[in-house]
Amino acid sequence: MTPIICLTGPTAAGKSAATLALARRWPLEIINVDSATIYRGMDIGTAKPTPDEQRQVRQHLLDIRDPAQSYSAAEFRADALALIAAIQARGRIPLLAGGTMLYYKALREGLDDLPQADAALRADLEARAARTGWPALHAELARLDPVTAARLAPNDSQRIQRALEICLLSGQPMSALLGKVSDRGGENRDGENEPTLRYVTISLEPSDRLRLHERIAQRFDAMLAGGLVEEVRALRARGDLHPGLPSVRCVGYRQFWDYLEGEIDLPEARERGIAATRQLAKRQITWLRAQPGRTIIDCLAGNAVAQVIDACAPLLETRPGG
């Protein structure tokens with residue numbers, strides 16, 4: 001069976017350019033693996049493919065949620081598996097491209113048996129954090145699940161919230177539940193056998209972290225020049241969005257939301273946004289380095305795109321009918 005290519009790498013690694021180059025050579029359809037580009041009205045800060053880029057190659061899982069909605073790894077897994085089958089049935093090639101590593105993990109390894117999100121409990125945790133601060137909730141997590149708390153920073157609001165939610169809903173620590181694979185949201189949720197798929201990871205990674213940091217800052221400034229603040233202002237003006245939503249927590253959006261709330265000034269929002277993007281890239285690289293058998297291409301190399309094409313050619317040109 002022809003393998004499914006996963007083109008990944010940290011933010012600002014050049015995945016979009018490589019994806020378009022591949023699409024000019026082979027009959028591809030792109031399945032975006034990105035937890036931010038799913039949101040409508042969030043185009044600049046997510047570096048969403050432009051309308052022209054979307055005309056060049058069919059792209060899936062863009063603009064599929066309103067920013068007031070959520071989208072889980074389980075939903076991504078179900079959608080991606082269905083898309084892979086549909087694209088192959090059309091005689092075309094699915095290419096997974098993006099940098100949300102949790103989505104890759106869910107697709108390739110299945111899902112841990114964790115309870116679904118509970119909106120009421122999340123709202124209660126957020127209210128408590130507003131009163132006492134996230135470090136206080138981190139201390140509570142340390143009593144309930146010391147293993148998970150030990151790996152989380154005291155202000156890591158999103159992960160502390162989720163870990164506490166799991167403890168309170170299940171009566172068990174998240175660390176005890178991880179590894180219990182569930183079919184929830186997958187192709188085989190009705191007991192059918194999931195299709196056997198082989199994934200090949202091609203990873204754009206920097207040989208020099210500082211140069212990647214420079215790229216991140218340049219791209220962030222380009223987003224600012226392109227209207228990022230105005231984009232966040234329009235989201236905030238809706239009146240139904242708030243910082244507790246996954247959409248508003250996206251890198252760049254949360255920092256400029258705080259700026260528009262008057263909590264920080266514009267230069268501070270910029271610095272915090274760049275710092276948050278660098279931290280995101282660091283987490284992505286750490287995850288990638290734990291993946292065995294990936295093909296690594298230096299994203300800083302002048303011929304990085306050509307190397308991606310060369311790495312894909314043996315896989316795509318030997319496919320049935322290729």
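**Figure 1. Glycine 262 follows helix 13 with a positive phi.** In this predicted model, the phi of glycine 262 is about 85 degrees. The residue sits just after helix 13, a helix that spans residues 253–260.

**Figure 2. Helix 13 is mostly covered.** Of its 8 residues, 6 are buried. These are Tyr253, Gln255, Phe256, Trp257, Asp258 and Leu260. The cover over the buried residues of helix 13 includes helix 10 and helix 14. Helix 11 (228–237) and helix 12 (246–249) are also among the covering elements.

**Figure 3. Helix 10 packs against helix 14.** Helix 10 covers residues 209–225, and helix 14 covers residues 266–289. Their axes lie 10 Å apart, at an angle of about 135 degrees. That angle falls outside the 65 to 115 range for roughly perpendicular and is not over 145, so helix 10 counts as oblique to helix 14. The crossing of the two helices is right-handed.

**Figure 4. Residues in the contact of helix 10 with helix 14.** Helix 10 brings Arg209, Leu212, His213, Ile216, Ala217, Phe220, Asp221 and Leu224. Helix 14 brings Arg270, Gly273, Ile274, Thr277, Arg278, Ala281, Lys282, Ile285 and Arg289. By class, the contact of helix 10 with helix 14 holds 8 nonpolar, 3 polar and 6 charged residues.

**Figure 5. Helix 5 crosses helix 8.** Helix 5 runs over residues 119–132 and helix 8 over residues 157–170. The two axes come within 10 Å. They cross at roughly 125 degrees. Helix 5 and helix 8 are therefore oblique to each other. Helix 5 passes helix 8 with right-handed geometry.

**Figure 6. Residues in the contact of helix 5 with helix 8.** From helix 5 come Leu121, Arg122, Leu125 and Glu126. From helix 8 come Gln161, Arg162, Leu164, Glu165, Leu168 and Leu169. The contact of helix 5 with helix 8 is made up of 5 nonpolar, 1 polar and 4 charged residues.

**Figure 7. The chain is assigned two domains, domain 1 and domain 2.** Domain 1 is made of two segments, 4–111 and 206–317. Domain 2 is the segment 119–183. The C-alpha centres of domain 1 and domain 2 are 26 Å apart.

Note on methods
Residues numbered from 1 in each chain as written. Predicted model: local features only at pLDDT ≥ 70, side-chain atom pairs only at ≥ 80, totals over all residues. Heavy atoms only, no water. Domains from an automatic or database assignment. Axes fitted to C-alpha atoms, helices over the stretch in contact; angles between N-to-C directions. Helix = DSSP H or I, 4+ residues; strand = E, 2+ residues; numbered from the N terminus. Parallel < 35°, antiparallel > 145°, perpendicular 65-115°, else oblique. Left-handed = near helix turned anticlockwise from the far one by under 90°. Contact = heavy atoms within 4.5 Å. Nonpolar A, V, L, I, M, F, W, Y, C, P; charged D, E, K, R; others polar. Buried < 20%, exposed > 50% of the residue type's maximum accessible area, 1.4 Å probe, protein only.
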